[in-house]
Amino acid sequence: MALFYNLCSSSSGNATYVGSRTEGLLFDAGVGVRNFPKWLSLQGLAPEAVKGIFLTHEHADHVKGLKAIAGRFHIPIYGTEGTLRRMMDTGRLTGEEELHVIRRETVVGGFTVVAAPTSHDSPGSVCYRVETPDGGTAGICTDLGVMSEMILETLSGCGHILIEANYDERMLENGPYPRYLKERIRSRSGHLSNAQCAGAVGQLLQEGCRSFSLGHLSEHNNCPALARQAVEGYLSQLGLEEGGCRLSVLPKSTDGKAVEF
Ligand SMILES: [Zn+2]
Ligand SMILES: [Zn+2]
């Protein structure tokens, strides 16, 4: 069995470990350099277990701890050309780091990572499928804008998927954000709402996926109960029997729980 262990998931920080107890990969590094080893240790994991950091894109909530973590623990960084170039251009990476430009498929140790482009508003933004050495498959799928055919195909049959449920439509509309920001979030290059997430989970069920963590919830425009309700309500409309699907909502920062897949 492989481990899916989310360290943090929200609009202010994202990082997820996938692997065994001794070796794995980190997806995004939106976690502080002090919390990183502390939160890993809640699952008995050491920073040395992390053999690579894969970036979905260069927004701060996905990279804010990257330079410090990669530097202190000597971890190579993997990202698309667009992501790494933007990080270099803005001085958030200096070139002293071990950088690897990825394309569709990348092999690190016994792990195979497959990237699929997302419509999110960051150059080279992707989501991932990861295949572990023991044959497990997981998906890391946040900051989408829209679900695409290619993403569905990439995530098909995954044993566990982290999927974004960013905002409740009513909370966003009535919330504190300025109009332009509300429109950006709702756009094709923004984020998935709870209702869009529910639709995507429905599509992924048809692709044979049965286990989901809802994540990347906005702190201002969503709450865990609404995200869960939206997806559960949609699934019961589809007539999916209870127990047919494993669903959890990720806390903003870890409660120490992991999913085995
Ligand atoms: Zn983003
Ligand atoms: Zn984000």
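Two residues are in contact if their C-beta atoms, placed from the backbone, lie within 7 Å. The exercises below use this term for a predicted model.

**Exercise 1. The sheet and its edges**

Task: State what the strand order of the open sheet of 7 strands is, and find which strands are its edge strands.

Solution.
Step 1. The order is 7-8-9-10-11-12-13, and the pairing in this open sheet is mixed.
Step 2. Strand 7 (105-108) and strand 13 (246-249) each pair on one side only, which makes them the edge strands.
Step 3. From one strand to the next, the twist averages 20 degrees.

**Exercise 2. The antiparallel part**

Task: Determine how many bridges join strand 7 to strand 8, and how many join strand 8 to strand 9.

Solution.
Step 1. Strands of a sheet pair through backbone hydrogen bonds, either parallel or antiparallel.
Step 2. Strand 7 and strand 8 (residues 111-117) run antiparallel and are joined by 4 bridges. One of the pairs to look for is T106 with its bridge partner V113 in strand 8.
Step 3. Between strand 7 and strand 8 there are 2 residues, and the two strands form a hairpin. In the turn, G109 has a positive phi of about 55 degrees.
Step 4. Strand 8 is also joined to strand 9 (residues 126-131), by 6 bridges, and these two run antiparallel. Here T112 has E131 of strand 9 as its bridge partner.

**Exercise 3. The parallel part around strand 12**

Task: Describe how strand 12 pairs with strand 11 and with strand 13, and decide whether strand 12 is largely enclosed or open.

Solution.
Step 1. Strand 11 (residues 160-164) and strand 12 (residues 211-215) pair over 4 bridges in the parallel sense. L214 of strand 12 is the bridge partner of I163.
Step 2. Strand 12 pairs with strand 13 in the parallel sense, over 4 bridges. In this pairing, F212 has L247 of strand 13 as its bridge partner.
Step 3. A residue is buried if 20 or more other C-beta atoms lie within 10 Å of its own. In strand 12, 4 of the 5 residues are buried, so the strand is largely enclosed by the rest of the structure.

**Exercise 4. Two helices across the sheet**

Task: Locate helix 8 and helix 9 relative to the strands, then classify the angle at which these two helices pack.

Solution.
Step 1. Helix 8 (residues 194-206) lies across strand 11 and strand 12, and runs at about 155 degrees to strand 11.
Step 2. Helix 9 (residues 224-237) lies across strand 12 and strand 13, at about 155 degrees to strand 13.
Step 3. The axes of helix 8 and helix 9 are 9 Å apart, and the helices pack at an angle of about 40 degrees. That makes helix 8 oblique to helix 9, because angles under 35 degrees count as roughly parallel and those from 65 to 115 as roughly perpendicular.
Step 4. The crossing of helix 8 past helix 9 is right-handed. Residues making the contact include A195, A198 and G202 of helix 8, and A227, A230 and Y234 of helix 9.

**Exercise 5. Buried faces of two helices**

Task: For helix 3 and helix 4, list the buried residues and explain why they lie on one side.

Solution.
Step 1. An α-helix has 3.6 residues a turn, so residues three or four places apart point the same way.
Step 2. In helix 3 (residues 66-73), L66, I69 and A70 are buried. Their arc around the axis is 95 degrees, so they line one face of helix 3.
Step 3. Among the elements covering these residues are helix 1 (35-41) and strand 4 (50-54). Just after helix 3 comes H74, with a positive phi of about 55 degrees.
Step 4. In helix 4 (residues 81-89), the buried residues are T83, L84, R86 and M87. They cover an arc of only 160 degrees, which puts them on the same side of helix 4.
Step 5. E81 and D89 are exposed on the other side of helix 4. The cover over the buried residues of helix 4 includes helix 2 (60-63), strand 5 (77-79) and strand 6 (99-101).
Step 6. G91 follows helix 4 and has a positive phi, near 75 degrees.

**Exercise 6. One residue**

Task: Decide whether Y17 is buried or exposed.

Solution.
Step 1. Y17 is in strand 2 (residues 13-19).
Step 2. Y17 has 22 C-beta neighbours inside 10 Å, so Y17 counts as buried.
Step 3. Beyond its neighbours within four places in sequence, Y17 has contacts that include Y5, L26 and V50.

Conventions: Residues are numbered from 1 along each chain as its sequence is written. Chains are lettered from A and ligands numbered from 1 in the order in which they are written. This is a predicted model: local features need pLDDT of at least 70, side-chain atom pairs count only at pLDDT 80 or more; totals for chains, interfaces and linings use all residues. Two strands pair if DSSP finds at least two bridges between them. Axes are lines fitted to C-alpha atoms, for helices over the stretch in contact, and angles run from 0 to 180 degrees between N-to-C directions. A residue is buried if 20 or more other C-beta atoms lie within 10 Å of its own, exposed if 12 or fewer, and partly exposed in between; C-beta atoms are placed from the backbone. The arc is that of the directions from the helix axis to the C-beta atoms. Angles under 35 degrees count as roughly parallel, over 145 as roughly antiparallel, 65 to 115 as roughly perpendicular and the rest as oblique. A crossing is left-handed if the near helix is turned anticlockwise from the far one by less than a right angle, and right-handed if clockwise.
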